[in-house]
Amino acid sequence: MMRRVPALLTATTLLAAATACSGGGSASSSAGTAFDPKSCQGGTLYILNQTSATDEHFDPARIYTSGGGAVPSLVFRTLTTRKRVPGQAGTTVAPDLATDTGTPSDDARTWTYHLRDGLKFEDGTPITAKDVKWGVERSFAPELSGGIPYLRDWLVGGTDYKGPYKGRELDSIQTPDDKTIVFKLRKPEGDFPYVATATQFTPVPKAKDGGTAYERHPISSGPYKVQTHVQDKSLTLVRNPNWSRTVDDQRLACPDRIEATYGLSAAVINQRLSTGAGKDADAVTTDTDLSPAELARISTDPTLKKRTVRGQFGYTNFIAFNTKVKPFDDVRVREAISYAVNRQAVVNAVGGSSLAKPATTFLPDQAAFGYQPYDAFPAGPTGNPAKAKELLAQAGHSNLTITLAHRNNDASQDGPAVATAVQEALKQAGVTVKLQAYDQASYRSVQTKPSTEPGIFLAGWGADWPTGGPFLAPIFDGRQILQDGGNYNFAQYDDPKVNAEFDAINKISDPLQARPRWGALDAELGRQALTVPLFHPVYLRLYGKNVKNTYLDEWRGSYDVAMVSVK
Amino acid sequence: MTLYLLRRLGSLLVLLLVMTAIVYGIFYAIPADPAVLVCGKGCDGGRLASIHHELGLDQPITAQYWHFLEGLIVGRDYSSGPDVSHCAAPCLGYSFQTDLPVLSLIAQRLPVSLSLTTGALVLWTVTGVALGLVSALRERRLTDRLVTVFVLGGLGTPVFVSGLLLLMVFCGWLKWLDFPVYVPLTEDPVGWARNLILPWLTLTILQSAIFTRLTRTGMLETLSEDHIRTFRAYGLPERRVIGRHALRGALTPLISINAVEFGAVLVNAMLTETLFGLPGIGQLIVQSSNNVDLPVVAGLTLTAGLAVVLANTAADLLYAAVDRRVVLT
């Protein structure tokens with residue numbers, strides 16, 4: 001098993017390199033009539049993926065998405081959703097099942113929503129507030145694990161609630177009438193409308209709920225319903241006759257039918273999309289980006305270049321420190337490593353400047369997160385080993401040897417390529433770095449449990465929605481340190497002042513007001529060298545030559561399948 | 001013969017017991033916690049404990065193994081939320097990742113793997129024997145040299161390279177074939193075969209190289225034996241000497257080679273399925289190993305172990321049928 005990944009990676013590179021020699025060949029630019037949302041309906045959209053587009057479970061309680069996801073959002077409508085427009089406005093929230101993005105009261109501890117008129121499930125049954133409440137409640141059942149963790153922490157009584165199947169309701173979700181739903185939170189949460197985009201806010205009819213069996217035929221509230229679904233193999237969606245654009249202004253739902261195939265290799269997906277033969281001309285992918293080798297081919301082929309969306313999902317790759325382990329408890333050692341890192345070498349290791357941007361801030365460089373540029377340890381693009389040596393000498397380390405943990409493959413950009421670049425840079429500063437590789441599954445278990453967490457390791461963090469809160473709180477809020485596993489506060493940093501600032505910003509329900517506060521907090525945390533931000537990845541994704549309206553969805557950094565057309 | 005089969009059955013049970021115990025042992029030794037993967041990002045301690053309990057991971061590894069064996073013999077009950085569902089014996093449990101019954105997962109994917117391996121087996125046997133035969137009869141001539149080049153190329157090219165090359169040439173450049181998608185044999189036999197041609201060829205290139213070499217060696221060895229010289233001295237036509245007497249002697253070892261090679265074929269089939277996106281057992285092995293999905297890994301170990309033992313038993317029986325000197329005890 002350990003040898004398989006490099007073997008397939010080699011194969012991927014080989015295919016890309018070989019097809020690069022072919023010069024692309026048959027691809028042509030998107031042809032035909034211009035896109036018109038009024039007449040875009042018709043045809044079949046094909047999705048070519050490596051993994052399932054609906055996670056391991058096609059159950060709204062169990063899916064972990066950002067903004068409702070790509071394919072899940074075609075079947076599951078939520079109280080709110082991401083605004084489906086190009087540009088920065090695409091990082092804001094729009095009403096979906098609800099009439100607005102929510103009314104806060106009691107310092108954003110209470111959020112009230114009213115449902116639109118005319119909402120129906122696929123079988124024609126009206127959607128009520130009780131169905132939304134049931135949908136949220138069932139996501140607390142231990143049998144239906146995998147969804148977002150926020151509700152357990154945020155809703156009053158959420159910590160001990162085990163779901164509705166044993167007959168107990170969650171009193172902090174109230175439904176005074178069929179159209180109104182009220183959420184009572186334990187503390188102020190100005191970002192609640194963003195969380196309400198998650199599929200856990202999908203209505204689920206109690207009468208059709210079979211617990212873990214519900215995923216066999218989840219009841220649609222969106223433009224498509226499930227015709228067939230074989231987990232990890234295929235999914236076919238057809239139109240939901242009880243949905244229309246009059247009750248949904250956020251999805252165009254142009255294709256009549258959507259057929260997804262899973263289990264394909266990345267090299268084959270990109271080859272099929274670029275060749276565009278037959279049905280592949282009407283195809284997209286929701287999980288496969290271009291590799292550095294494939295990018296080399298695309299950049300020399302103007303027709304293929306036109307069929308690429310280049311975007312950035314809010315994500316930061318960084319070096320994590322466990323400050324409970326020596327010598328990383330000493331801020332001078334952490335600062336020395338911050339100075340020594342050669343970001344240019346790291347960016348080159350992941351494919352160059354087209355696929356990554358060097359990072360000196362923990363927040364991604366997008367306005368929605370509250371990004372404010374800063375560099376707490378300015379060392380230029382290639383690092384400052386002399387300054388690093390000086391700090392290490394002050395800390396009493398003349399011949400420091402450390403062990404850097406990393407994943408055993410480069411698919412998540414936290415593998416041997418980046419580790420070797422860091423190792424080489426630290427060598428210039430007199431630090432000997434031993435590398436320790438972990439397999440895919442072990443790596444996450446080891447790093448998220450404080451008792452097994454390495455002293456220094458490569459990590460990455462992506463936002464569940466585009467604001468500063470979900471980006472900073474799990475990593476730096478001391479009250480989120482989890483001893484038994486699932487911990488992302490890798491530094492195990494707990495500062496009451498910082499915790500208080502998190503609480504203060506969470507009270508702000510206007511994202512524009514919250515942004516400068518998140519940016520300032522990021523800069524404050526950056527000065528403490530709790531992490532070394534390395535780069536923000538950039539994603540490039542191909543689409544078939546007949547696919548239209550593939551504008552960049554700024555929330556997720558790719559095209560939006562609810563908006564594309566093949567007609 | 002009965003004694004032989006009973007003995008084989010006994011050793012099969014012991015082997016499967018040991019194999020699954022080893023899987024549980026490895027699972028216990030590695031640091032990965034499947035509950036963390038199941039629970040998702042930002043999972044708190046209480047939730048994690050609930051999932052440990054749900055998956056039975058809060059029990060000692062010996063108890064977990066015992067429950068696994070218990071499920072195989074008498075079945076088990078599982079909570080599905082509102083209800084409790086019963087998994088009848090032989091129950092391999094439910095996948096940690098997908099909650100689907102392991103037995104049905106395997107049953108669903110078995111036809112894909114069987115389609116791949118059976119078709120490829122026919123192809124590589126025919127190609128390997130034919131090329132080996134030609135090579136032996138044209139020893140040290142140009143044909144023999146060309147076949148040797150093919151053998152070296154086939155043996156030295158991993159399936160993920162040969163498979164990609166085939167895809168590039170036939171689907172990307174020449175466009176003679178669509179990129180393969182698995183179509184069940186029962187739905188569309190022609191589509192089934194058309195979509196499996198490239199995966200079959202991928203496995204055939206490697207395996208037929210092995211067969212070619214063995215057939216060539218076997219033929220040359222048999223042709224130099226006394227009884228062949230005697231047949232020729234009696235004036236038997238060359239075609240009959242080769243086809244009826246020499247080939248039979250040369251092919252007998254290939255039966256056991258197919259059985260011995262079965263394990264390697266499984267590995268290559270796994271890579272082929274992953275490359276071509278065929279939803280077979282091999283792809284399931286990769287997915288379940290990556291996700292530390294113990295019930296699926298244990299179920300697949302049982303299936304693979306069973307298949308290897310059955311292949312070897314079948315080879316022994318065939319060997320005895322072909323070569324009357326072999327007696328099974």
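Select Lys357(A) in this predicted model: opposite Lys357(A) stands His536(A), in strand 18 of chain A. The two strands to display around this position are strand 14 and strand 18 (residues 531-537) of chain A, which pair in the antiparallel sense over three bridges.

Next, extend the selection to the whole sheet. In chain A, six strands form an open sheet with mixed pairing, and their order is 14-18-13-17-15-16. Which strands stand at the edges? They are strand 14 (356-358) and strand 16 (432-438) of chain A; each has a single partner strand, so one side of each is left without a neighbour in the sheet. Direction ignored, neighbouring strands of this sheet are turned by 30 degrees against each other on average.

Keep the sheet on screen and add residues 416-428 of chain A, which form helix 12. This helix lies across strand 13 (315-321), strand 15 (401-407), strand 16 and strand 17 (456-462) of chain A. Relative to strand 16 of chain A, helix 12 runs at about 170 degrees.

Stay in chain A and move to another sheet. Here five strands form an open sheet in the order 8-9-10-1-11, again with mixed pairing. The edges are held by strand 8 (224-230) and strand 11 (283-284) of chain A; each has a single partner strand, so one side of each is left without a neighbour in the sheet. Now pick strand 9 (residues 234-239) and strand 10 (residues 257-261) of chain A, an antiparallel pair with five bridges. Thr236(A) can be labelled here, with Glu259(A) of strand 10 of chain A opposite.

Now show both chains and select their contact. How many residues does each chain bring to it? Chain A contributes 57 residues and chain B contributes 52 residues. On the side of chain A that touches chain B, the elements that give two or more residues are helix 1 (4-22), helix 6 (266-275) and helix 13 (440-447) of chain A. Helix 1 of chain A gives the most, with eight residues. By class, this side of chain A has 23 nonpolar, 25 polar and nine charged residues.

Hide chain A and colour chain B by domain. The domain assignment gives domain 1 (2-87) and domain 2 (102-322). Taken over C-alpha atoms, the centres of these two domains of chain B are separated by 34 Å. Where they meet, 13 residues of domain 1 of chain B are in contact with 12 residues of domain 2 of chain B. On the domain 1 side, helix 1 (2-29) and helix 2 (34-39) of chain B are the elements that give two or more residues. Helix 1 of chain B supplies the largest share of that side, nine residues. The residues of that side divide into 11 nonpolar, one polar and one charged.

Follow helix 1 of chain B to a helix pair. Helix 1 and helix 13 of chain B pack at an angle of about 150 degrees, their axes 10 Å apart. The two helices are therefore roughly antiparallel to each other, and helix 1 of chain B passes helix 13 of chain B in a right-handed crossing. Side chains to show in this contact include Arg8(B), Leu12(B), Met19(B) and Phe27(B) from helix 1 of chain B, and Leu294(B), Val297(B), Gly305(B) and Thr313(B) from helix 13 of chain B. The contact has 13 nonpolar, four polar and one charged residues.

Keep helix 13 (residues 294-322) of chain B and add helix 10 (residues 238-260) of chain B: these two pack at an angle of about 175 degrees, with their axes 8 Å apart. That makes helix 10 of chain B roughly antiparallel to helix 13 of chain B. Among the residues of the contact are Thr252(B), Ile255(B) and Asn258(B) of helix 10 of chain B, and Ala311(B), Leu318(B) and Tyr319(B) of helix 13 of chain B. By class, the contact is seven nonpolar, four polar and no charged.

The last stop is helix 7 (residues 159-173) and helix 11 (residues 262-276) of chain B, whose axes come within 9 Å and cross at roughly 35 degrees. The crossing of helix 7 past helix 11 of chain B is right-handed. Helix 7 of chain B brings Val159(B), Phe160(B), Gly163(B) and Leu164(B) to the contact, and helix 11 of chain B brings Asn268(B), Leu271(B), Thr272(B), Leu275(B) and Phe276(B). Six of these residues are nonpolar, three are polar and none is charged.

Key:
Residues are numbered from 1 along each chain as its sequence is written. Chains are lettered from A and ligands numbered from 1 in the order in which they are written. This is a predicted model: local features need pLDDT of at least 70, side-chain atom pairs count only at pLDDT 80 or more; totals for chains, interfaces and linings use all residues. Axes are lines fitted to C-alpha atoms, for helices over the stretch in contact, and angles run from 0 to 180 degrees between N-to-C directions. Helices (H or I, at least four residues) and strands (E, at least two) are DSSP runs, numbered from the N terminus. Angles under 35 degrees count as roughly parallel, over 145 as roughly antiparallel, 65 to 115 as roughly perpendicular and the rest as oblique. Two residues are in contact if their C-beta atoms, placed from the backbone, lie within 7 Å. Ala, Val, Leu, Ile, Met, Phe, Trp, Tyr, Cys and Pro count as nonpolar, Asp, Glu, Lys and Arg as charged, and the others, Gly among them, as polar. Domain bounds come from an automatic or database domain assignment. Two strands pair if DSSP finds at least two bridges between them. A crossing is left-handed if the near helix is turned anticlockwise from the far one by less than a right angle, and right-handed if clockwise.
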